[in-house]
Amino acid sequence: RPPGVIYNEAGKAQQATANIANDPQIFCDPPGLVRQAGFTPHAVRITQFTDRVLIEYEEYGGRREIYFAPSKSASPVKTNLGSSIARYEGDALLIESNHLLANWINPHGDQLSDQTTVVETYRRADDPKSGAMLSIQLVAHDPVYLKQPFVITKTKRYSENYAFIANECRPPLRQRTSVK
């Protein structure tokens, strides 16, 4: 279970109905933002351009293009990765996301509603022994299922020559298989 996730009564009721055999990733469905950005232990590639940031995830082959200009990022359509906007505050890159679909946040059946908003903070956290590092903090707010926001913090190491492993998961497996 993710540490610090405190559900309200509606959230507890929702979690009680979860069947881990129906985890969307079993069927190669795209993951939600919290699972993709917050819980993935796999590599992430971040490329900055003058007008946007491109974030690519090795796990599930996820890809996000996040603009610094609100007019290019805003979309009322709900998606798994939502509508995001980027900005800098000092040395930190902040990304705020909304318009997210309800989605699982991990393989244990924990879920958040479609009212969730997320703030990600990316900051260099170099270590003299380990080298170039990136500190990532994700804060998820869900007024439907959570009593309070929860925070995921992780550090990733820079690797200059790392090549993503190909993702062989191809949807839609759900149409060919069903688990009850």
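Let's start at Q25, which sits in the loop between α1 and α2. This is a predicted model, and the loop is a handy place to enter it. Q25 counts as buried because its relative accessibility is 8%, under the 20% limit. Leaving aside residues up to four places away in sequence, Q25 touches P30, P31, R35, Y60 and C169. Keep P30, P31 and Y60 in mind, as those names will return.

Two other residues of this loop are worth a stop. C28 also lies between α1 and α2, and with a relative accessibility of 10% it counts as buried too. Its backbone may catch your eye in a torsion plot: phi of C28 is near 65°, a positive value in a residue other than glycine. A21 is found in the loop between α1, residues 9–16, and α2, residues 33–39. With a relative accessible area of 24%, A21 is partly exposed. Follow A21 across space and you can reach P107: the two are 86 residues apart along the chain, yet their C-alpha atoms are separated by 9.2 Å.

A positive phi turns up elsewhere as well. For H99 the angle is near 55°, again in a residue other than glycine. H99 is found in the loop between β5 and β6, where β6 covers residues 103–104. Its relative accessible area is 27%, so H99 is partly exposed.

Now for the strands. β1, residues 44–48, and β2, residues 52–57, pair in the antiparallel sense over 5 bridges. A hairpin of 3 residues joins β1 to β2. Across this pairing, Q48 stands opposite V53 in β2.

Strand β1 also leads us to the open spaces of the model. Rolling a probe the size of a water molecule over the atoms shows where empty space is left. The largest pocket holds about 700 Å³ of space. Its lining is made up of 24 residues, and those nearest the centre are V44, R45, I46, L134 and Y158. Two or more lining residues come from each of β1, β8 (117–124), β9 (133–141) and β10 (150–157). Which element gives the largest share of this lining? That is β1, with 4 residues. By class, the lining of the largest pocket divides into 14 nonpolar, 3 polar and 7 charged residues.

The second largest pocket has a volume of about 170 Å³. It is lined by 14 residues, and here the earlier names come back: P30, P31, Y60, G61 and G62 are the closest to its centre. Among them, P30, P31 and Y60 are contacts of Q25. The lining of this second pocket has 7 nonpolar, 5 polar and 2 charged residues.

From the pockets we can move to the packed interior. In soluble globular proteins, nonpolar side chains tend to be buried together. In this model the largest nonpolar core has 25 residues, and V34 and F150 touch the most other members. At least two residues of this core are supplied by each of α2, β2, β5 (92–98), β8, β9 and β10. What does F150 touch, not counting residues up to four places away in sequence? Its contacts are G4, V5, V34, F39, I105, L112, L138, V139 and A140. V34 is thus both a contact of F150 and, with F150, one of the two residues that touch the most other core members.

V34 takes us to a last feature, an enclosed space. The structure holds 1 cavity of 30 Å³ or more, and about 90 Å³ of space lies in it. Of its 14 lining residues, L33, V34, L101, N103 and L112 are the closest to the centre. The elements giving two or more residues to this lining are α2 and β6, and α2 provides the largest share with 3 residues. The cavity lining comprises 8 nonpolar, 5 polar and 1 charged residues. Both V34 and L112 are among the contacts of F150, and both are listed among the residues closest to the cavity's centre.

Note on methods:
Residues are numbered from 1 along each chain as its sequence is written. This is a predicted model: local features need pLDDT of at least 70, side-chain atom pairs count only at pLDDT 80 or more; totals for chains, interfaces and linings use all residues. Side-chain values use heavy atoms; hydrogens and water are left out. Buried means under 20% relative accessible area, exposed over 50%, partly exposed in between (1.4 Å probe, protein chains only). Two strands pair if DSSP finds at least two bridges between them. On a 1 Å grid over the protein atoms alone, a cavity is a set of points where a 1.4 Å probe fits but cannot get out, and a pocket is an open set with protein on both sides within 12 Å along at least five of seven lines; lining residues have an atom within 4 Å of a point. Grid points are joined across faces, edges and corners, and a volume is the space filled by probe spheres set on the points. Ala, Val, Leu, Ile, Met, Phe, Trp, Tyr, Cys and Pro count as nonpolar, Asp, Glu, Lys and Arg as charged, and the others, Gly among them, as polar. A nonpolar core is a set of buried Ala, Val, Leu, Ile, Met, Phe, Trp, Tyr and Cys residues joined through side-chain atoms within 4.5 Å. Contact means heavy atoms within 4.5 Å.
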